[in-house]
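This briefing is meant to be read alongside the sequence and the coordinates. Please keep both in view while going through the topics below.

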Amino acid sequence: MRHLLSINDLSKEQAIEILDTALEMVRVNEGPVKKLPTLRGKTVVNLFAEDSTRTRISFEAAAKRLSADVINFTA
């Protein structure tokens with residue numbers, strides 16, 4: 001799935017997969033190491049056309065939780 005615009009676009013299996021992934025993220029968050037090695041050694045570049053501190057921080061936190069290095073740009 002490339003984009004999720006509506007819950008109506010999900011099959012039952014896709015919805016269950018999303019919930020299972022969320023449950024696994026809860027387990028990671030409650031554990032002693034709160035990072036996954038998924039993006040270790042990768043750099044995520046966030047480019048925001050409009051300044052949104054909440055969005056920027058959310059994207060940055062998510063990338064760091066996956067062990068990525070993060071660079072933020074604003075227009």
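What follows is a short lead and then a set of points grouped by topic.

The model is predicted, and the local features described here rest on residues with pLDDT of at least 70. Much of this briefing concerns helix H2, which covers residues 53-65, and in which Arg56, Glu60 and Lys64 are joined in a network of salt bridges. Further points concern an aromatic pair that links strand S1 with helix H2, and a nonpolar surface patch of about 400 Å².

**Helix H2 and what follows it**

- Helix H2 is made of 13 residues and spans 18 Å from its first C-alpha to its last, which is close to the 18 Å expected at 1.5 Å a residue.
- After helix H2 comes Ser67, which is placed in the loop between H2 and S2 and has a positive phi near 70 degrees although Ser67 is a residue other than glycine.
- Most residues other than glycine have a negative phi.
- Ser67 counts as buried, because its relative accessibility is 16% and the limit for this class is under 20%.
- Ala61, another residue with its place in helix H2, counts as partly exposed at 43% relative accessibility, and its C-alpha atom is separated by 14 Å from that of Pro37, the two residues being 24 apart along the chain.

**Salt bridges**

- The count of salt bridges comes to three, and the pairs are described one by one in the points that follow.
- In helix H2, Arg56 forms a salt bridge with Glu60, with the closest N and O atoms 3.5 Å apart; because these two residues are four residues apart in the helix, about one helical turn separates them.
- Lys64 also forms a salt bridge with Glu60, here with the closest N and O atoms 3.1 Å apart, and Lys64 and Glu60 likewise lie four residues apart in helix H2, about one turn of the helix.
- Arg56 and Lys64 are both bridged to Glu60, and the three residues are thereby linked in a network of salt bridges.
- In helix H1, which covers residues 12-30, Glu24 and Arg27 are separated by about one helical turn because they are three residues apart, and they form a salt bridge in which the closest N and O atoms are 3.2 Å apart.

**Accessibility of the salt-bridge residues**

- Glu60 is buried, with a relative accessible area of 18%, so it falls under the 20% limit.
- Arg56 counts as partly exposed at 24% relative accessibility, and Lys64 is partly exposed as well, with a relative accessible area of 38%.
- For the pair in helix H1, Glu24 is partly exposed with a relative accessible area of 40%, and Arg27 counts as partly exposed at 48% relative accessibility.
- Leaving aside neighbours within four places in sequence, Glu60 is in contact with Asn46, Val70 and Asn72; strand S1 is the run 43-48 and strand S2 the run 69-74.

**The aromatic pair**

- The count of aromatic pairs comes to one.
- This pair is formed by Phe48 and Phe59, whose rings are 5.8 Å apart centre to centre with 85 degrees between the planes, an edge-to-face arrangement; the class follows because an angle over 60 degrees counts as edge-to-face.
- Phe48 belongs to strand S1 and Phe59 to helix H2, so that the pair links distant parts of the chain, eleven residues apart.
- Phe48 is buried, with a relative accessible area of 13%, whereas Phe59 is partly exposed, with a relative accessible area of 46%.

**The nonpolar surface patch**

- Val45, Leu47, Ile71 and Phe73 make up a nonpolar surface patch of about 400 Å².
- Strand S1 and strand S2 each supply at least two residues of this patch.
- Among the patch residues, Phe73 lies in strand S2 and counts as partly exposed at 45% relative accessibility, a value that exceeds the 30% required of patch residues.

Methods: Residues are numbered from 1 along each chain as its sequence is written. This is a predicted model: local features need pLDDT of at least 70, side-chain atom pairs count only at pLDDT 80 or more; totals for chains, interfaces and linings use all residues. Side-chain values use heavy atoms; hydrogens and water are left out. The expected span of a helix is 1.5 Å times one less than its number of residues. Buried means under 20% relative accessible area, exposed over 50%, partly exposed in between (1.4 Å probe, protein chains only). Contact means heavy atoms within 4.5 Å. Patches are made of residues with over 30% relative accessible area and no salt bridge: like charges are joined within 9 Å, nonpolar side chains (Val, Leu, Ile, Met, Phe, Trp, Tyr) within 5 Å. Accessible areas come from the Shrake-Rupley method with a 1.4 Å probe; for residues, only the protein chains shown count as cover. A salt bridge is a side-chain nitrogen of Lys or Arg within 4 Å of a carboxyl oxygen of Asp or Glu. Rings of Phe, Tyr and Trp (its six-membered ring) pair if their centres lie within 6.5 Å; planes under 30 degrees apart count as stacked, over 60 as edge-to-face and the rest as tilted.
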